[in-house]
Amino acid sequence: MDGLPTPRRYLAIVAVSFGTALAVLDGSITSVALPTLASDLHVTAASAVSIVTYYQLALIMTLLPFSALGVRMGLRRLYQYGQVLYIVATLLCFFAHSLPFLIVVRVLQALGAAAALSVASAMLRSIYPANQLGGGLGINNIVVSISGALAPTLGGLILSYASWRWIFATAFPLAILSLLLGRRSLPEPVWREEPYDVLGALLCALTFGLCFAGLESLVHGDSPVISLAVLLAGAGLGAVFVKRELQTAEPILPVDLLARPVLALSVAGALATFIGSSLLSLSLPFRLQQDFGFTPGQVGAAMTPLPLAMMVTAPVAGHLSDRVPAGILGGIGMAIIGAAMLLMALLPEHAGALSVGWRMALAGVGFGLFLAPNARL
């Protein structure tokens with residue numbers, strides 16, 4: 001069937017929307033708490049950022065292996081297993097009194113989020129009819145934008161009245177609701193009998209894990225020899241992994257698809273966009289608090305215009321992406337993002353909330369114009 005029948009489709013959209021909001025809140029709200037968390041745990045700013053780094057590292061190591069696993073065991077089944085793991089890990093956050101324990105718990109949360117995120121796009125294709133997919137992605141981007149808008153404001157509000165541990169529990173209700181709604185509304189899981197490529201999944205995880213662990217080690221000033229050895233080991237395994245994937249009928253990473261320029265350029269564009277977004281969200285709270293004297297609540301308010309602007313722009317871009325070439329919309333969006341990033345770098349010495357806010361809003365317009373058309377493509 002071309003998409004799910006109504007009204008089941010609407011319930012499935014709500015379930016996936018809650019799941020998307022969960023992932024965005026969990027990934028975004030932590031940045032606001034990093035300065036407070038670093039002070040409370042008596043660690044450096046660079047060490048506090050490792051909470052985000054290891055979370056992202058666990059995501060990148062497991063997204064593709066989970067995606068291949070979801071195709072075999074059923075999209076809905078893996079999606080909801082990931083949410084259950086996320087719920088358990090969230091409860092463990094309240095017992096975190098040291099940085100190493102918190103990192104372990106965040107890695108568990110990342111594994112749960114990765115299991116859900118790895119099949120989310122495939123489920124959107126199953127939920128929406130083909131001629132409504134662009135609009136569906138626009139709706140999904142609205143959810144991303146609203147969640148992103150709430151994250152810094154909500155984070156600042158929590159830090160004003162409660163311990164930073166409550167930051168990690170904000171997405172807990174969303175996980176419960178998505179789990180309950182999705183159990184009967186999401187597409188039925190179909191178990192495929194093809195054997196799972198365990199070696200390919202292991203090589204994929206080790207390639208990404210060793211490469212980024214080596215880079216992380218270099219950043220923190222560890223032994224350059226050991227760091228470079230880890231990095232080279234990851235690169236060597238990566239070469240073996242890519243060669244093996246090119247000869248596999250059901251690859252974990254479909255390297256052959258990257259030979260198509262439209263896909264390779266879309267992936268590269270998405271990568272560049274997310275690097276820019278991550279750099280901004282990680283560095284800005286430290287910069288605003290340490291250089292401009294903002295409180296955590298003011299930091300949250302200053303960061304909110306970006307996702308709010310995305311919330312307005314994304315549905316328009318999603319609707320247009322069914323009619324206008326994605327390259328045109330995405331190119332305009334990328335140009336706006338670049339201009340906004342440059343303006344943010346050149347903030348005046350005594351910048352206030354208004355100076356930061358309109359620059360963030362401009363960046364949000366650019367991200368909104370780029371993401372939906374690029375995802376559809």
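This report walks through the salt bridges, nonpolar cores, one helix, a surface patch and some backbone details of the structure above.

The model is a predicted one, in which local features need pLDDT of at least 70, side-chain atom pairs count only at pLDDT 80 or more, and totals for chains, interfaces and linings use all residues. Residues are numbered from 1 along each chain as its sequence is written, and side-chain values use heavy atoms, with hydrogens and water left out.

## Salt bridges

Let's start with the charged pairs. A salt bridge here is a side-chain nitrogen of Lys or Arg within 4 Å of a carboxyl oxygen of Asp or Glu, and the structure holds four of them. The table lists some of these pairs, including their closest N and O atoms.

| Acidic residue | Basic residue | Closest N–O distance |
|---|---|---|
| Glu188 | Arg8 | 3.5 Å |
| Glu188 | Arg76 | 3.7 Å |
| Asp197 | Arg244 | 2.7 Å |

Glu188 appears with two partners: Arg8, Arg76 and Glu188 are linked in a network of salt bridges. Helices in this report are DSSP runs (H or I, at least four residues), numbered from the N terminus. Glu188 forms its bridge to Arg8 at 3.5 Å. Glu188 lies in the loop between helix H6 (172–185) and H7, while Arg8 is in helix H1, so this pair ties together parts that are 180 residues apart in sequence. For the bridge from Glu188 to Arg76, at 3.7 Å, the loop between H6 and H7 is linked to helix H3, across 112 residues.

How covered are these side chains? Buried means under 20% relative accessible area, exposed over 50%, and partly exposed in between (1.4 Å probe, protein chains only). Arg76 counts as buried at 12%, whereas Arg8 is partly exposed at 25%.

The bridge between Asp197 and Arg244 has its closest N and O atoms 2.7 Å apart. This pair also links distant parts of the chain, with Asp197 in the loop between H6 and H7 and Arg244 in helix H8, 47 residues apart. Asp197 is buried, with a relative accessible area of 13%, and Arg244 is partly exposed at 25%.

## Nonpolar cores

Next, the interior. A nonpolar core is a set of buried Ala, Val, Leu, Ile, Met, Phe, Trp, Tyr and Cys residues joined through side-chain atoms within 4.5 Å. The largest one has 49 residues, and Leu102, Trp164, Leu288 and Met360 have the most contacts inside it. Helix H1 (residues 8–41) supplies the largest share of this core, eight residues. A second, separate core of 27 residues includes Ile13, Ala110, Ala114 and Ala120.

Which residues does Leu288 touch, not counting those up to four places away in sequence? With contact meaning heavy atoms within 4.5 Å, they are Gly293, Phe294, Val299, Ala302 and Val356.

## Helix H7

Helix H7 (residues 198–219) has 22 residues and reaches 31 Å from its first C-alpha to its last, close to the 32 Å expected at 1.5 Å a residue. That expected span is 1.5 Å times one less than the number of residues in the helix. Among the buried residues of H7 are Leu203, Cys204, Cys211 and Glu216. The buried residues of H7 pack against helix H2 (45–73) and helix H8 (224–246).

One distance relates H7 to H8. Leu203 and Ala239 are 36 residues apart in sequence, with their C-alpha atoms 10.0 Å apart in space. Ala239 lies in helix H8 and is partly exposed, at 49% relative accessible area.

## Surface patch

Val84, Val88, Leu92, Phe95 and Phe101 make a nonpolar surface patch of about 430 Å². Patches are made of residues with over 30% relative accessible area and no salt bridge: like charges are joined within 9 Å, and nonpolar side chains (Val, Leu, Ile, Met, Phe, Trp, Tyr) within 5 Å. The areas come from the Shrake-Rupley method with a 1.4 Å probe, and for residues only the protein chains shown count as cover. Helix H3 (residues 75–92) gives the most to the patch, with three residues. Val84 is in helix H3 and is partly exposed, with a relative accessible area of 40%.

## Backbone details

Most residues other than glycine have a negative phi, and most peptide bonds are trans. Here, a cis peptide bond joins Thr6 and Pro7, with omega about 5 degrees, and Pro7 sits in the segment before H1. His42 has a positive phi, near 60 degrees. His42 is placed in the loop between H1 and H2 and is exposed, with a relative accessible area of 72%. Gly221, which follows H7, also has a positive phi, near 75 degrees.

Technical notes: Helix = DSSP H or I, 4+ residues; strand = E, 2+ residues; numbered from the N terminus.
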